[in-house]
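Me: Got a minute to go through the charged pairs in this one with me? I'd like to take them one at a time.

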Amino acid sequence: MTDPVAGSSNGMENLSDYQRERIEENRQKALNLRKARLLTHPYGAEKRQETALSVNNVIKVSGTKYIDSGGGFLIEQRTGADAAQQQTEEPVSDAVPVPVEYDECVECGDRFADSYLLNTFDYAVCDACRDNEGQHSLITRTEAKQEYLLKDCDLDRREPVLKFVCRKNPHNVRWGEMKLYLHLQIEKRALEVWGSEENLLREKEQREEKREVAKVKKYNKRLKELRMDVRSSLYDKTGQGHVHEFGDSEVYNEAEDTYTRTCETCGHSETYEKM
């Protein structure tokens, strides 16, 4: 019977000097890495305890040794040069803890690290103070432009650019997505644009008055066109023997914004508007 020790020694004798140096160098690296990992890792004692327990849970299947992990699967146990190579390939953990940054809630004053309003709209309010139906409600882009008289450049270009979320249109899913803004930030942007709430209200009133005046003018124009259509249908050229001659004289009525001219032959007067 061949002695295994002798056999291994004969195997070492058959190796070249370079191969023996490489084996010894790899073995020393593996030992140094293992010592460094056990010394620096905070859970080194637990790892050593797990390693000691794993020795008692070795199962041999078809000539291969496995370690029972206790979680329902087996881990192949490596020995000799494979184990040394595995140790050299495992990197030493150099993880550095990242400090957590906290923000102060503008409502309650508590410090917090994460919230919906902070992540979505960059507004420092914690989730406990969030009021979706009240002061933290959302407003659509169209409503913001109509109610606060804002332009696209006020929302998209003026610094800082306001953040928004996209939602499907509840009236029709085939329409484009709605852009929803935080109501508080829209009010603040309106004050930046108009200077004060009084200026905003004054501008809204002036625009409303201009809109009403335009409606009245449009109505009067349409009424005049209807009257002219009726008169033209009753006008009979064959029955008319007199043709009015107004000349260039006309009188302007500033209160009603109308003009009046009189026929030079029969005295007939006519009031009209100039469009």
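What follows is a short chat about salt bridges in this predicted model.

Me: How many salt bridges does a search of the whole structure find?
Reply: The search turns up 10 salt bridges.

Me: OK, which residue does glutamate 24 form a salt bridge with?
Reply: Its partner is arginine 27, with the closest N and O atoms 2.8 Å apart.

Me: Where do glutamate 24 and arginine 27 sit along the chain?
Reply: Both are in helix α2 (residues 17-40), 3 residues apart, so about one helical turn separates them.

Me: And how accessible is that pair?
Reply: Glutamate 24 is partly exposed at 35% relative accessible area, and arginine 27 is also partly exposed, at 41%.

Me: Switching to helix α9, what does arginine 211 pair with there?
Reply: Arginine 211 meets glutamate 208 in a salt bridge, 2.5 Å from N to O. They are 3 residues apart in helix α9 (residues 197-234), which means a separation of about one helical turn. Arginine 211 has 42% relative accessibility, which counts as partly exposed, and glutamate 208 is partly exposed at 37%.

Me: New topic: which residues are linked in a network of salt bridges?
Reply: Arg141, Lys145, Asp152 and Asp156 are linked that way.

Me: What's the distance for lysine 145 and aspartate 152?
Reply: Their closest N and O atoms are 2.9 Å apart.

Me: Are those two buried or partly exposed?
Reply: Lysine 145 is partly exposed at 31% relative accessibility, and aspartate 152 is partly exposed at 40%.

Technical notes: Residues are numbered from 1 along each chain as its sequence is written. This is a predicted model: local features need pLDDT of at least 70, side-chain atom pairs count only at pLDDT 80 or more; totals for chains, interfaces and linings use all residues. Side-chain values use heavy atoms; hydrogens and water are left out. A salt bridge is a side-chain nitrogen of Lys or Arg within 4 Å of a carboxyl oxygen of Asp or Glu. Helices (H or I, at least four residues) and strands (E, at least two) are DSSP runs, numbered from the N terminus. Buried means under 20% relative accessible area, exposed over 50%, partly exposed in between (1.4 Å probe, protein chains only).
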